[in-house]
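Biologist: I'm new to this one. Could you walk me through how to read it?

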Amino acid sequence: MSLTYSLEDIARTTDDMVVRRRFDQRNRFWLQVLLAFYGLLTIVITQQRSDSPLDVVISTVNLAFIASVWWAARDSYRQQPRALGRWLQTHVPATVLTYAVAQYLLLFGLTGGRNTFAWLMVFPWSLVALRLTLAEHVLLHAILTAGALMIPTFASPPFKHVSAFYVGIVVNNALPLAIEWFATSRLRRQLRRDWNERRANALEQIRMRDELRYARELQLSMLPQSAPSLGWVDLAAISIPATEVGGDYYDYFVEQDRVALVCGDVAGHGMASGLVLSALRSGFTLLRDSLADPASVLRRLHDLVAQTSRRRMLVTVVVVLLDRATRRITIASAGHPPVLVRRADRRVELIDLYAPPLGVRLPMSIPQRVLAMARGDIFILHSDGIYETLSATGDSYGLERLAAVVRSHDGSAAALRDAIIADVENFRGSELQNDDVTLVIAKIE
């Protein structure tokens, strides 16, 4: 069954709608088969009885009728069919019934004589491939039976006794009707069973998609809506998840003349990563008063991550504490990519503090480093989704390219953020983003 619907369409489509559409699809195909068969039959009969002007007229009318229905049937498969094609698309049962009755009458007039009985006995069996409702099947065969029972009025019946002829006509229509109804009921049950399973899967996918969408909205709501406005430092950040729920996290914590910048990355991305990041954010929020000593905060968060789940989850985190009063910065890192520092003279330093990520089952020691800061210094915190970005040729973006963009750029923190993201996207080209990308930038003013 070749129905290409969206998940919402599948969920909204009822069993009866599916059965009707599948029946229409099948009946349009078999309508064309019947048209071709009876078109050839009409030509053969006409060649055998071309001496009769009446037969020629009936054959011409029949062939014109078959050609018009054939054209409408073929046109109905187009994306934008014409009037007859559109009508057939929405009225397949009516078209099939009308054609069958008209063809039956034209065949009755074309054959004539004793051959009429032979062809009209064959005609009901040519319709067994159609799939209609019980009422439509009964109506069709009732018309065929009534028409055949009128033969004795116009011609001699092929049987000696008229009663035997009537019984033959009734049986000849009752048997195809029974076969059609049996096959139709079987196909209807199969379609409903298959569609119920497909609809259940679609509803489950919709539920999961909605939950992921809600989880994404919830996670994005955890990130700062905007950078705090401080007179002595210009801040900007961005986080672009690779999936519905990302594994990256950043935040700002302002306390008088100090601001702590946080950038974290859970190994992997998805729902599990989002849950761990939620716990991590809660931990930072509860311990924000202790961020004057970033290393001690990370040690306590290590215990939080390690005890959050029996499944081992690893989190890399870096905290950069900017202290306006002392003109110093304090950097503490747990396995996170190096912090880039661009000095006022455009020198770029990589501050890489080697330590295992949070959550490892090992003795934990968080390194910490203190640097002087000056006006014009720029600090860049980032996730590995930036320098591990791959191009179409399989090359990595790398820290050197990132440092080059930082070194050559002048302007605000937001402008530098946008320049880095644009360069990363240009480097990636048509390749899909396979990891979360996060940037936090601080420019001392």
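Modeller: Happy to. Let's begin with one residue: Pro176 sits in helix α9. Keep in mind that this is a predicted model.

Biologist: Is Pro176 buried or exposed?

Modeller: The general idea is a cut-off: under 20% relative accessible area, a residue counts as buried. Pro176 comes out at 0%, so it is buried.

Biologist: Which residues is Pro176 in contact with?

Modeller: Here we skip neighbours within four places in sequence. What remains for Pro176 is Pro124, Trp125, Val128, His141 and Val171. You can also compare sequence with space: Leu127 is 49 residues from Pro176 along the chain, but their C-alpha atoms are 7.8 Å apart.

Biologist: Let's try another residue. Where is Thr184?

Modeller: Thr184 is in helix α9, which covers residues 162–222. With a relative accessible area of 0%, Thr184 is buried. Leaving out neighbours within four places in sequence, it is in contact with Phe23, Leu130, Arg131, Leu132 and His137.

Biologist: What about a charged side chain? Which residue does the side chain of Asp423 join in a polar contact?

Modeller: For a polar contact, look for a pair of N or O atoms within 3.5 Å. The side chains of Asp423 and Arg401 are joined by one of 2.9 Å. Asp423 belongs to helix α14, residues 413–428. Its relative accessible area is 18%, and that is under the 20% cut-off, so Asp423 counts as buried. If you set aside residues up to four places away in sequence, Asp423 touches Tyr397, Arg401 and Val405.

Biologist: And a residue that isn't buried? How do I read Ser282?

Modeller: Between the buried limit of 20% and the exposed limit of 50%, we say partly exposed. Ser282, in helix α10 (residues 271–286), has a relative accessible area of 38%, so it is partly exposed. For a distance, try Ser282 and Leu301: they are 19 residues apart in sequence, and 10.0 Å separates their C-alpha atoms.

Biologist: Now backbone angles. Which value of phi does Gln256 have?

Modeller: The sign is what to look at. Gln256 has a positive phi of about 55 degrees, although it is not a glycine. Gln256 is in the loop between β2 and β3. At 72% relative accessibility, which is over 50%, Gln256 counts as exposed.

Biologist: What is the phi of Arg327?

Modeller: Arg327 has a positive phi too, about 55 degrees, and it is not a glycine either. Arg327 lies in the loop between β4 (315–323) and β5 (328–334). Its relative accessible area is 30%, which makes Arg327 partly exposed.

Biologist: On to empty space. How many cavities of 30 Å³ or more does the structure hold?

Modeller: A cavity is closed off: the probe fits inside but cannot get out. The structure holds three of 30 Å³ or more, and the largest has a volume of about 80 Å³. Residues lining the largest cavity include Phe253, Val254, Arg258, Asp289 and Leu321. The elements that give two or more residues to this lining are β2 (248–255) and β3 (258–266). By class, the lining of the largest cavity has seven nonpolar, no polar and four charged residues.

Biologist: And pockets? How much space lies in the second largest pocket?

Modeller: A pocket, unlike a cavity, is an open set of points. The second largest pocket has about 180 Å³ of space. Two or more of its lining residues come from each of α3 (53–75), α4 (83–90) and α5 (92–111). Among the lining residues are Phe65, Trp87, Leu88, Thr95 and Tyr99. The full lining has eight nonpolar residues, three polar and no charged ones.

Biologist: Can we zoom out? How many helices and strands does the protein have?

Modeller: There are 14 helices and ten strands. Of the 445 residues, 47% are buried. The accessible surface is about 22,200 Å², and carbon and sulfur atoms make up 57% of that.

Biologist: What share of the contacts joins residues 24 or more positions apart?

Modeller: Counting the contacts with a separation of 6 or more, the share is 72%. Pro176 and Trp125, one of the contacts we met earlier, can be your starting place for looking around in the model.

Technical notes:
Residues are numbered from 1 along each chain as its sequence is written. This is a predicted model: local features need pLDDT of at least 70, side-chain atom pairs count only at pLDDT 80 or more; totals for chains, interfaces and linings use all residues. Side-chain values use heavy atoms; hydrogens and water are left out. Helices (H or I, at least four residues) and strands (E, at least two) are DSSP runs, numbered from the N terminus. Buried means under 20% relative accessible area, exposed over 50%, partly exposed in between (1.4 Å probe, protein chains only). A polar contact is a pair of N or O atoms within 3.5 Å; within protein, one must be able to donate a hydrogen and the other to accept it, and residues adjacent in sequence count only if both atoms are side-chain atoms. Contact means heavy atoms within 4.5 Å. On a 1 Å grid over the protein atoms alone, a cavity is a set of points where a 1.4 Å probe fits but cannot get out, and a pocket is an open set with protein on both sides within 12 Å along at least five of seven lines; lining residues have an atom within 4 Å of a point. Grid points are joined across faces, edges and corners, and a volume is the space filled by probe spheres set on the points. Ala, Val, Leu, Ile, Met, Phe, Trp, Tyr, Cys and Pro count as nonpolar, Asp, Glu, Lys and Arg as charged, and the others, Gly among them, as polar. Accessible areas come from the Shrake-Rupley method with a 1.4 Å probe; for residues, only the protein chains shown count as cover.
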